[in-house]
Every structure is written in C-alpha cells, then in structure tokens.
Amino acid sequence: MSTDPDYPASAEAELVRLAQKGDMAAFEELVARHRDKIYARAFSMMRNEDEALDLSQDAWVKGWRRLEQFQGDSSFVTWMTRIVINLCLDQLRKQKRQRTDSIDAFEEDGGGIERQMPVVTPNPTEGLERTELRQRIDRALAQLSHEHRTVLVLHEFEELEYKEIARRMKCSIGTVMSRLFYARRRMASLLAGLKRENLE
Amino acid sequence: MKHELEVRIQAWLDGEVSDREGARIAEWVARDAEAGALAAELRTVRKAMADNELIVPLPETRQFHWSKIERQIQREALPPHRSPFSWLAGWRRFRIALAGVTVLTCVLTLTVRQMHRPTFDEISATGEGMEAVTFHDQSAEMTVVWLQDNSQTSGTGQPAKTSVPDESNSDIELE
C-alpha cells in the first residue's frame with residue numbers, strides 16, 4: 001500500500017519531480033512556499049495589487065504547463081520569477097502601447113529632470129534601520145516611471161546583467177545603461193527627499 | 001560631464017567594463033571631484049538597494065490563492081466545450097453544403113444539356129382540367145403550344161381527345 005508523500009517536509013527538488021509527473025498536491029506545496037516572492041516581484045513591477053495578483057496567478061498556471069521544460073539549471077523560484085517578470089514586461093508593453101502621450105519616453109530621451117539634479121550628499125540612507133530603509137526604497141520606487149523602476153528591479157533585485165536586461169526589455173544595452181543611470185539618480189534624490197521629510 | 005562618461009562610471013561600478021577600462025575610470029574618479037561625487041551617489045543607491053527589497057506579502061490566503069490557480073489549470077485542461085445542440089449546427093452546415101452541391105449540379109446539368117440540346121423540345125404540363133403541351137422545333141424556328149381541356153373526362157380516366165394536335169384546340173405561333 002502506497003502512502004501520500006509528506007509534502008511540507010519534502011525537499012524542493014522532490015516536489016518539482018512529483019509535480020512534473022502531474023502531482024498537483026506537490027505543485028500546491030511549491031506555490032505555498034514561493035507565492036509571496038512571486039507576488040512581490042509582480043507588485044514591484046506593476047505597483048498595482050489587482051494586476052500583481054492576476055499576473056502572479058497567470059505565472060503559476062504557466063509554470064504548471066511548462067514544468068516539463070524546467071531542467072533544474074537554476075532554482076525553481078528563480079525559474080518562476082523569470083516567468084512572472086516576462087508576463088509583467090508583456091503587460092507593461094501593452095499598457096505603453098495604449099498610452100498616447102508618453103511623458104516617460106520624453107523624460108528618458110532627454111534625461112528629464114535627472115540631468116538637472118545636483119549630486120546627492122551626504123548618504124541619505126545612513127543610520128536607517130533596515131525596515132525603515134526598505135520602506136523608503138519601496139516608496140521611492142513607487143514614484144519612478146515603469147521603465148526606470150523595471151530596470152532597477154531587474155538589476156538590483158534580480159541581479160541581471162545589462163545584456164540580459166536589454167534582451168528581456170527588448171531594447172539596446174545603451175538604453176538599459178541610460179535608464180539605469182537616470183533611475184539611480186532619481187532614487188538618490190527621492191531618498192534624500194524622504195529623509196528630509198522625516199527630519200522635519 | 002558628458003552622458004557617455006556618466007554611464008561609463010556606472011558601468012564600472014556594476015562591473016560591466018574590462019579590467020583595463022576599469023583601472024582608467026578608477027583613476028579618473030579619484031582625481032576628478034565631479035566624477036568622484038557622481039560615483040559616490042551611484043554607489044550609495046546601489047548599496048542601499050542590494051538585499052533591501054520590501055517583500056509585500058500576498059493579500060490572499062493560501063487556500064484561496066491556490067483554489068484560483070487550480071481552477072484555471074483545470075479549465076485550461078478541459079477539452080473544447082461542445083454544445084448539446086452541436087448536432088443541429090452540424091445539420092445546418094450539412095444542409096448548406098448540400099444546397100451548394102445541388103446548385104452546382106443543376107448548373108452543370110443545364111450547361112451540358114444546353115450544349116447537347118436536341119433540335120426540338122417537347123414540354124408537357126398538366127393542371128386540373130387542363131393539359132398544356134409545348135413543342136419547339138429549333139430547325140424550323142417554330143413553337144407550338146397545345147392546350148387540351150380535360151374537364152369533360154373527369155371521373156372517366158380517359159382524355160377528352162387524343163394527344164394529336166388539330167386545328168380546333170391548338171394554337172400555332174411562329175417565332
């Protein structure tokens with residue numbers, strides 16, 4: 001007589017192997033383990049709860065359908081994160097096409113206000129508690145354009161190289177470098193502004 | 001400072017330049033105050049963001065989130081939906097195809113008949129109490145319409161007159 005595996009106690013590789021054979025309970029355990037991370041990535045890119053929920057759900061369904069393609073070259077959560085990032089990028093591209101007047105594009109081409117900003121000194125993040133720092137970074141990220149936020153998320157959080165970001169965002173390496181530069185400059189300014197607000 | 005130089009400083013901080021170019025940029029940043037300040041700002045943001053992503057928790061319970069995913073997986077796994085009345089739609093499609101074939105057959109038949117048409121045609125039509133026979137001779141370019149009154153033979157099963165035309169009940173027209 002066979003008994004059901006102890007899913008919560010199972011190693012990730014074992015859960016993936018079972019799920020690849022069609023075991024939905026094993027896949028449910030994988031979803032439970034990584035749902036926050038996948039949702040958080042969708043939310044960091046979309047900054048909209050409903051869209052992030054839909055896209056993270058779509059990512060899990062797509063992950064289930066393509067599970068046979070997962071070879072274990074990276075961790076399962078890294079593989080799933082790539083799926084949700086691609087879905088978010090597709091969604092952002094659709095939204096951009098729908099926008100008639102792209103202020104972001106204008107700002108990006110000319111450097112926008114970032115070109116005029118003085119260099120921020122001293123370090124606006126110095127002496128902050130980690131929780132406070134994370135909240136400030138999140139608030140600052142929310143104020144960036146989609147293009148600037150996406151490139152920062154992919155570089156700083158996903159640790160992707162310029163070339164890989166360019167491939168995923170379907171743009172040139174030069175555009176990635178430019179977006180990243182202006183995004184960082186804007187972040188420095190926003191973090192300094194948030195520090196000033198706190199001091200006042 | 002030119003934008004190309006600014007992004008080169010950034011690329012150096014991100015480890016995206018060769019060792020040789022990196023050494024050159026490091027030297028420049030060390031002796032140029034503006035380049036040094038920009039490098040410090042970019043480095044600060046880079047360092048602050050590393051490992052400091054705020055993880056926003058999923059605003060749904062595990063069961064609810066999974067139930068939505070499971071439903072979508074099952075929905076996509078189902079074969080295409082078939083209506084209980086699909087046979088009706090099939091019958092309609094069959095009728096359309098049949099009508100098409102019939103029309104095509106008629107057209108072909110008429111075309112062939114037109115090509116191999118005999119030199120004369122005889123068409124007969126019978127109505128209640130009346131029989132009409134049309135005779136057309138192409139070679140003579142003549143059409144004869146013969147009307148025969150059968151009302152007097154009702155109940156007998158016999159025609160009032162034979163089918164041989166005569167002057168009394170036929171009308172002759174020349175085309």
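Helices here are DSSP runs of H or I with at least four residues, numbered from the N terminus, and with that convention in hand one can select Lys170(A), which comes just after α8(A) and takes a positive phi of about 55°. The model on screen is a predicted one, and the tour moves from this point through chain A, across to the contact with chain B, and then along chain B.

**Helix α8 of chain A**

Step back from Lys170(A) and select residues 162–169 of chain A, which form helix α8; its buried residues are Tyr162(A), Ile165(A) and Met169(A). Viewed down the helix, these residues lie on the same side of α8(A), because the arc they cover around the axis is only 65°. A general rule is worth recalling at this point: an α-helix has 3.6 residues a turn, so residues three or four places apart point the same way.

**The nonpolar core**

Next, select Ala42(A), Leu55(A), Ala59(A), Val84(A) and Cys88(A), which are the residues with the most contacts inside the largest nonpolar core, a set of 59 residues. To see which helix gives the most to this core, add residues 173–199 of chain A, helix α9, which contributes eleven residues. Then centre the view on Cys88(A): leaving aside residues up to four places away in sequence, Cys88(A) touches Ala42(A), Met45(A), Met46(A) and Leu55(A).

**Where the chains meet**

Now show both chains together and select the residues in contact between them, 37 from chain A and 33 from chain B. On the side of chain A that touches chain B, at least two residues come from each of α2 (24–46), α3 (49–65), α6 (130–142), α7 (146–157) and α9. The helix that gives the most to this side is α2(A), with ten residues. Colouring this side of chain A by residue class should show 20 nonpolar, eight polar and nine charged residues.

**Chain B**

Hide chain A and follow chain B along its sequence, where the pattern reads α-α-α-α-α-β-β-β-β, that is, five helices and four strands. Of its 175 residues, 11% count as buried, and among the contacts in chain B between residues at least 6 apart in sequence, 29% join residues at least 24 apart.

As a last stop, select residues 19–31 of chain B, helix α2, whose 13 residues reach 19 Å from the first C-alpha to the last, close to the 18 Å expected at 1.5 Å a residue. How many of the 13 residues of α2(B) are buried? The count is zero, and α2(B) is accordingly described as hardly covered.

Methods. Residues numbered from 1 in each chain as written. Chains lettered and ligands numbered in written order. Predicted model: local features only at pLDDT ≥ 70, side-chain atom pairs only at ≥ 80, totals over all residues. Core = buried A, V, L, I, M, F, W, Y, C linked by C-beta atoms within 7 Å. Buried ≥ 20, exposed ≤ 12 C-beta atoms within 10 Å, placed from the backbone. Contact = placed C-beta atoms within 7 Å. Nonpolar A, V, L, I, M, F, W, Y, C, P; charged D, E, K, R; others polar. Expected span 1.5 Å × (residues − 1). Arc of directions from axis to C-beta.
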